[in-house]
Each structure stands twice: as C-alpha cells, then as structure tokens.
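Hello,

Here is the structure I promised to pass on to you. Please open it alongside this email, as my notes on it come straight after.

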Amino acid sequence: MISSTVQHLDDDEALKRSTVLERVSEGIVALDTDLRYTYVNDRAEQILDADRTQLIGQHVWDAFPESRGTAAENALDAAMATQERQSFERFDPGLDQWFEVRVYPDKSGLSLYFTDITDRKTSEQELAQKNRQLSALVENTAQAVYLKDRAGRYQFVNEAAADLVGLTPEEAVGKRAEDLFDAESAAEIRRVDEQILADGNAESYEATRFIDGEKHVFLENRYPHRDEDGTIVGIVGISREITERKRREKTLEGSRQRLKSLFEDLPDSVVVHDAEGNILDVNEQTVDELGYTYRELLSMNVADFEVGLSQEELRETWTTMEVGDRAKKSGRHRRKDGSSFPIEVWVDKTEIGGEKRFIALTRDVTEQLQREQTLKALSEEYHALLENAEDAIFFVDVEEEEAGMEFRFERLNPYHEAATGLDSESVRGKTPREVLGPNLGAELEANYHRCVEAGEPISYQEELDMPAGTQIWQTKLAPVIVDDAVTRIVGIARDVTDQVHREEELRRKNERLDEFAGIVAHDLRNPLNVAQMRTTLSVEDPAYEELHREKVHQALDRMEDIISDTLVLARRGNEAESLEPVSVMEIAEQCWDMVETDGASLDVNDERTIEADPDRLRHVFENLFRNAVEHSEGDVTVRVGRADDSTLYVEDDGPGVSPERREKAFEPGETSREEGTGFGLSIVKRIAEAHGWTVRLTDADNGGARFEFTGVKIIS
C-alpha cells in the first residue's frame, strides 16, 4: 500500500519522507481496505510489541485477536463505514504508557497514529483527585465558603453560606451583599472588597452582620481570586473548582496521498532543517501554527521564529548531537502576527539521502500549561482553605484489607493540631487505635465504618479525651468516592465544649430560677396575706390598731428576711470567689458577735487556719449560729472544732434535728419554725459545695445538732 503512494513522488522526496516517518515520536501504522498491514514505523513496532516484518500483509485481527470486541475494533469499523476520523485510548502495560490512537480513512485504507498521552492522563487523574477532595471539603465544611466577581455578584456559595441567609446555593448565586445584608453591613463588605481588588492583599477581620434582624458575628477571611494570568477577577471568602476541558484536535480535511497524509497530518509541527538551521521542509501543522505560507517557511531559518535563542546558540546545541541522538527542550515560538506560544520540541539528528539533517517535532503546550496552572491554583486554594479554616479538618485513608476495612490518618490541618495536641507527622499512616488507644480508637473507627457504609456524609457529637484535654466535638464525615469505592474520608469537626458547658450552666441557672421563683411565690404568700388582712382590720377595728400595726410590721420583717436569704442563695450561694488562709477561731468569734445570742455561749476549740473564701464562710457560721440559738430559745452552747485532718464541725447542745427531717433540712424553704425562712441551711450547703466541701447533718454527742464539713483544706 505504501509503495503505491510513493509512486507519485520522486525518489528523493519519498526517501526523505520515509526517513521522517521512521524518526517521529508517534507510532504510525497503515492498513489497506482489507485491514491488512501495509506499513509500520519503528515507534509503532515498539508500542505493538511485534515484529513489523511479520505484521506486513497480516490481517489486524489475526495479529491481535485479543482486541476483537474492544474500542479498537469499533473505531476501525466506524472509520471504514463512515470514512470519518475516529479515535480511542489504549494503555500499554509493557511500556506503562497511555496512547491516543487516531484513525484516518481514505480510499486506500486506514492510517493509525499512536500519540503518547501518559503525562496528560496523569495530570487528569491528579486534578480529578484534587477536585474530589476540594469539592467534598468545600461542600461539607461548616464554614461559609463563597466566590464573587469584581462587581460583587456571588458566583458560588456552599451549603453553609447559603444557610446563613436562608437560601439555597442556587438562589444565592447572582445576588450581591445589598440583597442579603442590612445597608451598613453591605457597605462594609463592599469597602473591604474594593480594598482587596485595589491592593491584592488578603483581609482577615471580625465582622458583625444582621440577617433577618438577627445579629451574627463572623471571622471573615477574604482573598483575591486571580485568573491564570495573575489578574484579580474577584474575591474568595471563608466565613468561620476548575473544570478541565480537553482540547480536541482539528478535524483533518480531505484526503491526501498515503505517504503525504502520514507526514502532513501529524498533530505536531514538523520541521526538517540542516546544521545551520535552514528550513528544508515543514508539514501543514507548522504552516497553521506559525501563520506563514509553505513557501515563506522554506526561505526561513529556525532562529527566525525561536523566541530568545539566536542562530549561534541553536547551532551550538546541534553540533553536540550525533546521528541517532534525540534532544528535548522547552521554549516559545513566534507567529507571523507577532504573538507567541509555549512549545515543547523533540529534535532528532538523522541522515536523509546521505545528508545529516535535523527533524524537529514541536507541540503547542498552551493547554497543558493552562491545566498545570489550573491545578496549581486549585492546590493553592485547597491549601489556603486548610490553613485558614477554624474548624478541625482531618483526612483518613480507607484501605481494604483481608480482615476488613482499615483506617489510617493521612493529615490534620493546623487548627486540628492546635486544638487536640496531635500533629500530622506523628499520626500519619497510623490507625485510630494506635493514636488514641483501643477504646477511643474503636469508637472513631465505628463512625468511619458508618460513613463508608452510608456512602454519604454523616454528622454526630462526640466527647473525646485528647492530649489537650477532654473536648466535645460536633463532627461531620464526608466520603471521597473513586470508581464506586470510598478511598478517603474528609472529617470536619468543631469544638463545642464551651457551648455545651454554657448550655448546661444556663440549664442549671434556669432550674435555680424556677426553684427560687416557686419558693418566693409560696413563702411570701403567707406574710403578705397577714399584712393585707391586718391592714384591713386596723381600719375596721380601730381599738386594736396598734396590735394590727405590730402584726403588719412582723409580716413585713418576715418578707424582708425571705427576700434577703433568697438573694444570697440566688446570687452568691454557689460562689467561692477568693480563697485565702482564714483563722477558724477569729472568723467564728466575729460571726458570733453579729448574731443575737441572748444567753447562748460559743466554744471554739480549734486554732487552725483553713483555705476558704472569708465572706462566704461568714454566711455559713452566721446561719448555723442563728439556727442553733433560735431553735434553743437562747439557752445553748455552740462548739466549733476539727474532727480530723480534713473535717470541720459546728455543733450545739440544743434539741437537735429528728432523723426523718435531716434529709430535707438543706432544701430551700424547709424550716421547722413558723418565723423561719427555710433558706439558712440551703445557703450553708451551696457555699460548702462552692468550696468543694461536703456537709452532713447528724447528732452531736450531747444530743444536739452537729454539722460536719469534709474535704476542708487545713493549712496550719
């Protein structure tokens, strides 16, 4: 088949072009209309791993029966049937390389070109992996992530950002800050955006926003968004993608003679030149790429369109090469209109008709560089998000082992490291059990199993004992799925320890408020009723006005006592603000002087110093002293002393407290006296607990009441 084409060329021309086809980096094969091999170049022989002398004349499916029923058979059949160009991709395990095979039909049969696309496939796989990770991270992070153009219109918002303003991501796209926030917030957002667009610097600051009338505070991190030329085209924001397109080669038009089509229709530019750089021949792709006519190029030197390299510098490169050598370099070519484009060129030194010649195969790598720049930009955005996120982000590799799935930590972001005390270097490649122990590790692995089995994000709250302390986390796990299998888990966790503790404290305070409200409502009702009744009687029965007035004063005094004790219990009953050394004897005697003791007496037989809040301790002693005197009608002896190295007691020789009342004695409002408020012992218990003490009511040796405080720190 190839000989019939060569007949249309003179001998020199055929020899020259046959030599070129043998030296090109692509594999080239020609089949006749019966699909029998008529031509196989050296590179194709390597790719097919077959002796071309045995292939010539052999039917393609006899030579490679294993390719029947594959994309190769479909492409060849379609090309013959439609007389239109076809293509398919093929992986060569022997060479560990990917090839794109392009099939061109004409009246004499088929031409097949094998182009090495291994680098492109690797780049695509890496970019796809990065895209999957970034998409999983951005879509599932609890932080608001968005992208705006220079006019302030939102081009992208994730679920978290859209939720803040009560919209879906689709509804938020195209809106401006003025559509979503109050006028003051929108003006501040625009001011910062304009500053970033002007100076190109990132901004991080705390901002207050009012959304639907509610106040929100955000830590705003905003960065300039640049295109591949470095021009700022918008703003990337984080508050608490780039689709790769394949470039399709132009459809080759018409049909040419077999040998000429093999040379002319190569997708790369081919230039044949001598040792001085004078151009001897070019293919059609060179004409298309550079914009010169074929005749113009034959009168030119390679140096005329090489950017930044003189003829002398090029000649130095060529003189170091021997026949059979191949050199690769990168550079730029200048078109006839003055524009330039990046290229990769492979130069082969060979002999054509006894003359030493150079064959330069040049490829426009504009698209490849754009992909690399896109990948770099994506990596930078990915890195910026990880480094600046104020949630703990971690990556866990999922490996399928014989014993089942195995999970190994791959990376932690800086916030995760700071919050937990772990670091990427020490945990990388280790299982959760190896890092956090068998119990906690098993809990984490159970959650990872749930995520893998669900095949979608899951959320949960967990309490973990980390090196940095016990923490409560709100965690979201998102699976990264490749070829229908979960290969990695992206975890995003927020430390909600303080929030949970605040909620618990608020619950306790609300319970106390309910308690106090109930007590006050109940205990104030009786003296209030007495005061109201006596006031009415004093008007109706003037003869007893003085008696009624006295009862009213007593009722009001009773109400004042209840209110005073309630306020002490509500405001400061649980506090021990300032711990300091306190003399038991001195503070007991001071408190005794503050109580109406009548004929009662105090006996302090302990001169020890303890650690306590003196102000709160006075409330303890005064309440216990007043309680002893009032229950004994003044004739009582109160003793203060130390039972052991951590127990302090206060006891009296009064009537004591019956066993059935001891359990309720410390409850608010509980009293055995009509004029008592019922808060004295409740205050005593709350203050003891604030010090870390435990108080217990029991019998004194002489039958009175004895209060024991255990856990007291005795200093001297």
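Below is what I found, beginning with one helix and moving on to salt bridges, cysteines and some backbone angles. Please keep in mind that this is a predicted model.

**Helix 6**

Helix 6 runs over residues 71-82, which makes 12 residues. From its first C-alpha to its last it reaches 16 Å, close to the 16 Å expected at 1.5 Å a residue. Its buried residues are Ala 72, Glu 73, Ala 75, Leu 76 and Ala 79. These buried residues cover an arc of only 165° around the axis, so they sit on the same side of helix 6. The general background will be familiar to you: an α-helix has 3.6 residues a turn, so residues three or four places apart point the same way.

What do the buried residues of helix 6 pack against? Their partners are strand 1 (27-31), helix 5 (60-63), strand 3 (86-92), strand 4 (97-106) and strand 5 (109-116). On the face turned away from that buried side, helix 6 carries the exposed residues Asn 74 and Ala 81. Just after the helix comes Gln 83, which takes a positive phi of about 55°.

**Salt bridges**

The structure holds 25 salt bridges, and I picked out a few for you. Glu 89 forms one with Arg 120, and the closest N and O atoms of this pair are 2.8 Å apart. The pair links distant parts of the chain, with Glu 89 in strand 3 and Arg 120 in helix 7 (residues 118-140), 31 residues apart. Strand 3 may ring a bell, as it is one of the elements that the buried residues of helix 6 pack against. Glu 89 counts as partly exposed at 30% relative accessibility, whereas Arg 120 counts as buried at 18%.

Another salt bridge joins Arg 357 and Glu 355, where the closest N and O atoms are 4.0 Å apart. Here, Arg 357 is buried, with a relative accessible area of 18%, while Glu 355 is partly exposed at 42%.

Then there is Arg 408, whose side chain meets that of Glu 406 in a salt bridge (2.7 Å, N to O). Glu 406 counts as partly exposed, at 26% relative accessibility. Which residues are linked with Arg 408 in a network of salt bridges? They are Glu 399, Glu 406 and Glu 434.

**Cysteines**

If you were going to look for disulfides, the structure holds 0 of them. Two cysteines to look at are Cys 451, which counts as buried because its relative accessibility is 0%, and Cys 591, which counts as buried at 1%.

**Positive phi in two loops**

Asp 49 has a positive phi of about 55°, although it is not a glycine. You will find Asp 49 in the loop between helix 3 (42-48) and helix 4 (52-55). Is Asp 49 buried or exposed? Its relative accessibility is 71%, so Asp 49 counts as exposed.

Asp 483 also has a positive phi of about 55° without being a glycine. Asp 483 lies in the loop between strand 19 (469-482) and strand 20 (485-495). With a relative accessibility of 75%, Asp 483 counts as exposed.

That is everything from my side for now. I hope you enjoy looking through the model.

Best wishes

Conventions:
Residues numbered from 1 in each chain as written. Predicted model: local features only at pLDDT ≥ 70, side-chain atom pairs only at ≥ 80, totals over all residues. Heavy atoms only, no water. Helix = DSSP H or I, 4+ residues; strand = E, 2+ residues; numbered from the N terminus. Expected span 1.5 Å × (residues − 1). Buried < 20%, exposed > 50% of the residue type's maximum accessible area, 1.4 Å probe, protein only. Arc of directions from axis to C-beta. Contact = heavy atoms within 4.5 Å. Disulfide = S-S within 2.5 Å.
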